[in-house]
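Trainee: Hi! Could you walk me through this model and how its chains meet?
Mentor: Happy to. Let's put it on the screen and start.
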Amino acid sequence: MGFSLFANLAFNGLITGLVVSLLALSITLVFGIARFPNAAAGDVATVGAFAGLLGPLAGGGTLWIILCGMAAGALLSVAFYFLLFRPLAGKSAVSSLIASIGMAFFVRAALTFFLGHDQRVYPLPIVRAMPVGPLRVQPTDIEIVVAAVLALAAVFSILHLTPIGKRMRAVADNAELARVSGIRANRVLVAMWLIAGLLAGLSGTLLGVKTVVSPEMGWDLLMPAFAATILGTIGNPVGAVLGGVLIGLAQELSTPFVGFTYKLGVGFLVLLVTLLIRPQGLFAKNSLVR
Amino acid sequence: MERPVLSMRQVLLAAAGVAALGIASGQAFAAEPFLVGALNPVSGAGSPYGSGMQKAIAMAADEINADGGACGRQIQVVSEDTQTSPDAAVLAVKKLIDVNKVQVVMGTWSSGVTLAVMPITTAAGLPEMNTSGAPAISTEDKADLVWRFQATNGRFGQAFAKIAKERGFKRPATMAYNNASGLGNTEGFAKAWKEDGGKVVASVVYEPKQASYRSELQQILAANPDVVVMGSYLPDTTIILREWYQSGQNPDLKWIIPGWAANEKLVEALGPDVTQGVIAVDSISNENAPSYAHFAEAYKKATGQPAGSNVYAAMTYDMMVLWGLAMQADCSKLTPEAINGRIRGVDSASGDKVFTFAEGKKALEAGKAINYQGASSQLAFDQYGDVTPDFSLSVVEKGEIVRKSVVTIGK
Amino acid sequence: MLSYLLAVAVVALIYSLMTLALNLQFGFTGLINFGVVGFFAIGAYTSALLSQAGLPLELTLPCAALAAGLAAWPVALLSLRLRIEYFAIVMLGYAETIRLVISQEEWLTGGVRGLPGIASLSVGLGIPGDPTLVAFALALACVVGAVLVSRRLVHSPFGRMIQAIRDDEDAVRALGKSPGRFKVAVFVVSCLFVGLSGGLYAHYITYLAPDQFGALLTFYIWVAMILGGAGSVGGALVGSAILLGFIEGSRFLHDLLPGVSAVEMSSVRLGVIGLSMMLLMRFRPQGLLGGKAGCG
Amino acid sequence: MAEASLCVQGIRKHFGGVSVLEDVSFAAPAGGLSGMIGPNGAGKSTLFAIVTGFQAGDGGSVLFKGQDVTALPTVQRVRLGMARTFQVPREFGSLTVRENLMAAAPGQAGEKLRNVFFRPGWIRAEEAAIAAAAEEWLAFLNLERVADAPASSLSGGQRKLLELGRALMVRPAMILLDEPFAGVNPVLVGEISERIRELSAKGIGFLIVEHNLAALSRLVDRLFVLDRGRLLAEGAPAEVLADAAVREAYMGGSA
């Protein structure tokens, strides 16, 4: 019974952590390359989740929901890059952080102004779980694992195998030097915000599939995603995903000892202790930035 | 209701008309309007109810005014939004009292707002009428100026316990959203259930806004309960029920859920299979009373919504009617304190039952004692100024929420 | 009307104590504190609980300030170890954890049910008269005190050094001075203001619950500080006044715009705050009033 | 050689697999004028950072006034009398020029909050003394005219002077200058050189890392040449410049 309990808790932690990871992946890219914590990522995810409601019009099924969400996330992300973050590029990280908080508020206000506060759900069938050993695996769980692995693989190969990815890493390393050596930072940043938007949209729709679609969903996901990002060291995609999973595991596995209501505090404690020992986060070695 | 666009000319004409009317009515009644503050949760967490509550107060005021006013005084309602936040509510009530000079404040919803507003209304000598559940409201009201039109959390719990017992459940578990109302409901249930000799097999308090409640659910299911009593809201209930159904564990488990979480939207979100057999409990209005029929018809006309969709609207409607009757009971003294002191008088058990303001006014003018039977409940305030409404028991059957019975609990 | 304006002014003054503090931290020293509301909550609960335990407000309010200052001390030490973006996020988590502790430790704080019946300022201090007027006078006195302390601090050799730290920490080190000591001192001293502000708030609203201490308040204070101009003592007051004027003004705006429902108005309120944060950062990072960044 | 004030022994440093400094040793005399040159990428900046304590080396030691300061942080090295300037001037932009200098005065009682609030008289007297000292250096550096202008409004050369002034306020035994002539117009280069000479005459030692060979060789009485992480040559400027290896490394043999 003891093993089964902990196995289940660990599995729950893994899945919750992976949902967080996808948003963390979006944040870590922006953090690594544009050099600020993007507080608007959560609300971009929310917009993605709402756009996912259009999925059934396009063709139905989880895939279409996700595609609609990702498209909307990317569009919003790139639009705000041109309107807001590009003009702020030369200023301090704090300016961009505050502007991104403003953007988060503004986006959410626009959503609630036009669509109200009601929760919505995707019209997907509710399927019973398959027992796998002591675990009960739901189709959503598999979708989330697959999406997280694919997203991480995609980000990793873009960064390391494509020319634009190489330039992204160069900009992340030293924006000034990259500019001098003839890299057009603008194009790199557009690509980066596009990918960040796609990832945020993906995390929003998956969260919507798993839970319900509501205007606050993305903002509520933001704190754990921030924590995952810095736990895994900013600018490190693998770190972001592992950071999310680690926090998810720590939160769920702690519940037999501290109770359910304190588990969010456990996530913070893990982050704090890690940073006291390793101020750069866990995976500083493979980070985009140093 | 409102014309969307007015030209400047129309506005000026209308203003002139209103001014003329004002002068005319001023001459006719020789009294200025009586000002009432409607303080409702129009935005924030209470927003599904706030607008309806506000309209219900206006409706009651219109009825009083159509009947010639209370003691010849027209009722004028000034509305404010609490934003379901104590800070905003404190400033809102200050505005109502100091800027608008209202003589009574009615319609606060969440307990936090009521607890923050009470000291201010009490200091100003004004009565406060609310629909909040926290027990502390009764103990903090030392001047007997606060009136509660909603069942306390504890009474909700008693209703849950009574229903669980009637339905023959033996092994209940509880799950509560970590806020005052969630805890109040489940702890009220546990108290009543244990007093009756029962045992609660598991209880979990969860933080809201999570991506999953599977671990919480797992702890409940591991205790193998036959029913889970919830103190929850719509989004978390949706996720918890779906995760329970998907897990395939304890498929015969039943759920007792407050009506604000187990409603049409829950059924719509999850479909008939998942929600089959869910028991929804809600405080209900005084449905068999003529006052409710009267209110329901007017509410439908004013808002286009069925009265059943917003139990709090009937409560705020009763606030206004009751206040009007308390005014009418002695037209020589119309100070807030004096009117407040007459509230129990127009709700007296020995009086003639009346169901509308007009009936009550006629009876009062004939010198009779009256007992206003509200649209929300029969009222009958206890020594704390609290009412005891009835509860409904509904069960979801094939995607329909079917009312099974009405549950009455003792005081 | 006067009493209502006073009531709004009390809240504006309570906010400006926090804005002054944040201004010392960020505007003058470059410290990023996204956990303002956490220290505010510590101050509020400290004063409320001590007064319910029977202590007079003359003692509980200074205790509120001290408690927040004490809580700020380890946090300030932490800030020396972390890069600023990390610290910003850690502070958000810190404030959220404080809220979590308040909502869980029911034996102490009343938990999610809240703490009703806190003595009001006029009752607690035994000052007769209109409670709002008493609160206003006291809050005003505290703000005047905080302004005087801020000014003295900023215009001292200490103040010169913290501005130097904001401009260039390495250059300060090259002068043989450790920035750490200054940062910790500023952080702790300004959190005294925040704690005092929390104490005033507790005895003004007279009811405390964890919901009142969400991260939104921290962002409000940031908006107020930026509106008034980072690095300007007077700007902190003006910024708070503009912010409160807008938040409360939307009440009256609602009477003028019948087409917008109150629910939509709440969206508009959040939207305007968000928009102003973006526009200020984009076009006037020095604030509405500031001529140029960083004037004392 | 006069008594060495700064003595660097066997400094090594590598980044990743690349060795930047290999066993560098040299000694700068007290009160003397020493210069260090080397082509781009020779490791000058890294050496400078290690000597001033802004970076840690991988091996070797730094002695200052006979004391091993290798493990000491920058702040304590400065307190022992080792001041520095930066290659790109790092003035406190929002403070005035005068305030920049005053901020640099060591051991100010007014930097303690309890004194600020409880001993205002003492602070006032101290401030007057610091202001007088600052005034002197402002006059010496010819910055009086801009004393009350914000430092961010100065020209590049003036900023170099300002940094020198700030370093002087520390009352150092030795000042390490990081490219004091970079981006400065020739007239001002002459003026800065003149000031350095006067200060040297007052007994303050200098170690100047420079790219501008002509200006440097005219100024210093001892020259070190760094190339690819190694000390290539040292001695009087004329004799070092005559060294074939130096000509080869530094000027590609053309000069």
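Trainee: How many residues does the contact take from chain B and from chain C?
Mentor: It takes 31 residues from chain B and 31 residues from chain C. Keep in mind that this is a predicted model.
Trainee: And what area is buried between chain B and chain C?
Mentor: About 2500 Å², with carbon and sulfur atoms giving 58% of it.
Trainee: How many salt bridges does the rule find across that interface of chain B and chain C?
Mentor: The rule finds 1 salt bridge there. R113(C) pairs with E187(B), and their closest N and O atoms are 2.5 Å apart.
Trainee: How many residue pairs are in polar contact across the interface of chain B and chain C?
Mentor: There are 6 such pairs, counting those with both residues at pLDDT 80 or more. On the side of chain B that touches chain C, the elements giving two or more residues are β2 (75-81), α3 (86-99), α4 (111-123), α5 (136-140) and α7 (180-195) of chain B.
Trainee: Which one gives the most to that side of chain B?
Mentor: α3(B), with 10 residues. By class, the side of chain B that touches chain C has 13 nonpolar, 7 polar and 11 charged residues.
Trainee: OK, switching partners. How many residues of chain A are in contact with chain C?
Mentor: 44 residues of chain A are in contact with 40 residues of chain C. The area buried between these two chains is about 3600 Å², and carbon and sulfur atoms give 79% of that.
Trainee: Which residues in chain A lose the most area to chain C?
Mentor: I98(A), F105(A) and Y262(A), which together make up 17% of what that side buries.
Trainee: What about salt bridges and polar contacts between chain A and chain C?
Mentor: The rule finds 0 salt bridges across that interface. There are 7 residue pairs in polar contact between chain A and chain C, both residues being at pLDDT 80 or more.
Trainee: Which element gives the most to the side of chain A that touches chain C?
Mentor: That's α5(A), with 15 residues. The residues on this side of chain A divide into 32 nonpolar, 9 polar and 3 charged.
Trainee: New topic: how many cavities of 30 Å³ or more does a search of the whole structure find?
Mentor: It finds 8 of them. The second largest cavity has a volume of about 60 Å³.
Trainee: Which residues line the second largest cavity?
Mentor: Among them are T85(D), F86(D), K160(D), E163(D) and L164(D). α6(D) gives the most to that lining, with 3 residues. By class, the lining has 6 nonpolar, 1 polar and 2 charged residues.

How values were computed:
Residues numbered from 1 in each chain as written. Chains lettered and ligands numbered in written order. Predicted model: local features only at pLDDT ≥ 70, side-chain atom pairs only at ≥ 80, totals over all residues. Heavy atoms only, no water. Contact = heavy atoms within 4.5 Å. Buried area = accessible area lost by both parts, 1.4 Å probe. Salt bridge = Lys/Arg side-chain N within 4 Å of Asp/Glu carboxyl O. Polar contact = N/O pair within 3.5 Å; in protein donor to acceptor, adjacent residues only side chain to side chain. Helix = DSSP H or I, 4+ residues; strand = E, 2+ residues; numbered from the N terminus. Nonpolar A, V, L, I, M, F, W, Y, C, P; charged D, E, K, R; others polar. 1 Å grid on protein atoms, 1.4 Å probe; cavity = no way out; pocket = protein on both sides within 12 Å on 5 of 7 lines; lining within 4 Å. Points joined across faces, edges and corners; volume = space filled by probe spheres on them.
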